[in-house]
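Visitor: I should like to go through this model term by term and hear what each description rests on. May we begin with the chain as a whole?

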Amino acid sequence: MSGDRARIEVSHLTKRYGEVTAVRDLTFTVEPGLVTGFLGPNGAGKTTTMRMLTGLVSPTSGTATIGGRPYRRLPRPSRTVGAVFDASAFHPGHTARDHLRVYAAMGGYPDSRVTALLDLLGLAEAADRRTRGFSTGMRQRLNLATALLGDPRVLLLDEPSNGLDPEGMRWLRGFLRQLADQGRTVLVSSHVLSEIQQLVDDVIMIRRGELVAAGPWSRLAGPPAVLVTSPDADRLAATLQASRPDGDAPSVEVIQAGRLRVHGLDAPGVADLAAEHRLRVHELVTETSSLEQLFLHLTTDKAATP
Ligand SMILES: Nc1ncnc2c1ncn2[C@@H]1O[C@H](COP(=O)(O)OP(=O)(O)OP(=O)(O)O)[C@@H](O)[C@H]1O
């Protein structure tokens, strides 16, 4: 799968609805072969951006392209981009198979593709049941099947983890990883950071239509620090710093007497080292990462949402 043909590029994208600026001078790139999280509080402009990527909404200014072309200029759009916007947009009287057949007919895809996708998405047994009785997880799977009909290089999924139980989340994680490993570009929006942190490689975070952060999750989040309360804090600090060669040792910040902040070693590592050296630990707390703190600030900041 050619990388360039699957790259999403958003450049100085702006969308105004009268007085409301839903998206403001937004610029980012989404790379093939990765799962990218598109994060922002409610009303941040995620859906509007994804709709501009699929030609459903026209930008006020700027560009949104896939493989260098706006959606409307793609030769066979459904072969390039699969998008999922609403988990409940099914005819309640249709079966899963009926639903896929309707979309397959519109796209000119054979019935064998419908059967293959029902199998791939774990819907074979439910294929001939009416969608009105479907659980959220089954709806999400049927949506994904619909988006995959044209075997697209790019997948745009608006809140695919909404309402999934832990088993559904595990399944989604594995499935999206497989799609990315095949070289596809996978963009997944969410307004809940914890829902997608296990899912994504890269993250794009927006607030009020503007970019706040973009890059690999691991770099943006940074390794979380560990707060330690210990009556042996001085000796524990020295032990931690001597535990590995210079440059590779955990760094230790003394917050106050008996309280340390440790970077570069996780809580079990600190606990094991303390036990090995017979040092007492009264409390160990893993701090939230800087990305979590930033997102928490965005979602609790009243000024963050329009
Ligand atoms: N058709 C429209 N007309 C007027 N305002 C709109 C329209 N579509 C979106 N908006 C406004 O644009 C802003 C961004 O909305 P958008 O749905 O893109 O956000 P979002 O990040 O997807 O939010 P959510 O997580 O709640 O789905 C909001 O203030 C919304 O009310």
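Guide: The protein has 306 residues, of which 38% count as buried. The model is a predicted one. Its C-alpha trace spans about 70 × 45 × 35 Å along the principal axes, and the protein holds 11 helices and 13 strands.

Visitor: What share of the contacts between residues at least 6 apart in sequence join residues at least 24 apart?

Guide: The share is 70%. Two residues are in contact here if their C-beta atoms lie within 7 Å.

Visitor: Which domains does the assignment give, and how far apart are their C-alpha centres?

Guide: The domain assignment gives domain 1 (4-219) and domain 2 (226-287). The C-alpha centres of domain 1 and domain 2 lie 43 Å apart.

Visitor: Why is Thr 146 called buried?

Guide: The term requires 20 or more other C-beta atoms within 10 Å of the residue's own. Thr 146 has 25 such atoms within 10 Å, and therefore is buried. Thr 146 lies in helix H5 (residues 136-147).

Visitor: What does Thr 146 touch beyond its neighbours in sequence?

Guide: Not counting residues up to four places away in sequence, Thr 146 touches Leu 100 and Tyr 103. In addition, the C-alpha atoms of Thr 146 and Val 102 are separated by 9.8 Å, although these two residues are 44 apart along the chain.

Visitor: Let us turn to the sheets. What makes E2 and E4 the edges of their sheet?

Guide: The sheet is open, has 3 strands in the order E2-E1-E4, and its pairing is antiparallel. E2 and strand E4 (61-66) each have a single partner strand, so one side of each is left without a neighbour in the sheet. Neighbouring strands of this sheet are turned by 20 degrees against each other on average, direction ignored.

Visitor: How do you know that E1 and E4 pair?

Guide: Pairing requires at least two bridges between the strands. Strand E1 (residues 8-17) and E4 are joined by 5 bridges and run antiparallel, so the criterion is met. Ile 8 stands opposite Ile 66 in E4.

Visitor: Which helix lies across this sheet's strands, and at what angle to E1?

Guide: H1 lies across E1, E2 and E4, and runs at about 115 degrees to E1.

Visitor: What is the strand order in the sheet of 4 strands, and which strands stand at the edges?

Guide: The order is E11-E12-E10-E13, in an open sheet with antiparallel pairing. E11 and strand E13 (283-286) stand at the edges; each has a single partner strand, so one side of each lacks a neighbour in the sheet. From one strand to the next, the twist averages 20 degrees.

Visitor: Which helices pack on this sheet?

Guide: Helix H9 (residues 233-241) packs on the sheet and touches E10, E11 and E12, its direction making about 15 degrees with that of E12. Helix H10 (residues 267-276) also packs on the sheet, touching E10, E12 and E13, and its direction makes about 155 degrees with that of E13.

Visitor: How do you know that E12 pairs with both E10 and E11?

Guide: The test is again at least two bridges. Strand E10 (residues 226-229) and E12 share 4 bridges in the antiparallel sense, and strand E11 (residues 251-256) is joined to E12 by 5 bridges, also antiparallel. Both pairings therefore qualify. Leu 260 in E12 is the bridge partner of Val 228, while Gln 256 stands opposite Arg 259 in E12.

Visitor: What is found in the hairpin of E11 and E12?

Guide: The hairpin has 2 residues between the strands, and Gly 258 takes a positive phi near 85 degrees.

Visitor: What makes the side chains of E12 an alternating set?

Guide: In a regular strand the side chains alternate between the two faces of the sheet. Along strand E12 (residues 259-263), Leu 260 and Val 262 point to one face and are buried, whereas Arg 259, Arg 261 and His 263 point to the other and are not buried.

Visitor: Finally, which residues come nearest to the ligand?

Guide: Of the 13 residues around the ligand, Tyr 17, Ala 22, Asn 42, Thr 47 and Thr 48 come nearest. H1 gives the most to this shell, with 3 residues. By class, the shell has 5 nonpolar, 7 polar and 1 charged residues.

Notes
Residues are numbered from 1 along each chain as its sequence is written. This is a predicted model: local features need pLDDT of at least 70, side-chain atom pairs count only at pLDDT 80 or more; totals for chains, interfaces and linings use all residues. A residue is near a molecule or strand if its C-beta atom, placed from the backbone, lies within 6 Å of it. Ala, Val, Leu, Ile, Met, Phe, Trp, Tyr, Cys and Pro count as nonpolar, Asp, Glu, Lys and Arg as charged, and the others, Gly among them, as polar. A residue is buried if 20 or more other C-beta atoms lie within 10 Å of its own, exposed if 12 or fewer, and partly exposed in between; C-beta atoms are placed from the backbone. Domain bounds come from an automatic or database domain assignment. Axes are lines fitted to C-alpha atoms, for helices over the stretch in contact, and angles run from 0 to 180 degrees between N-to-C directions.
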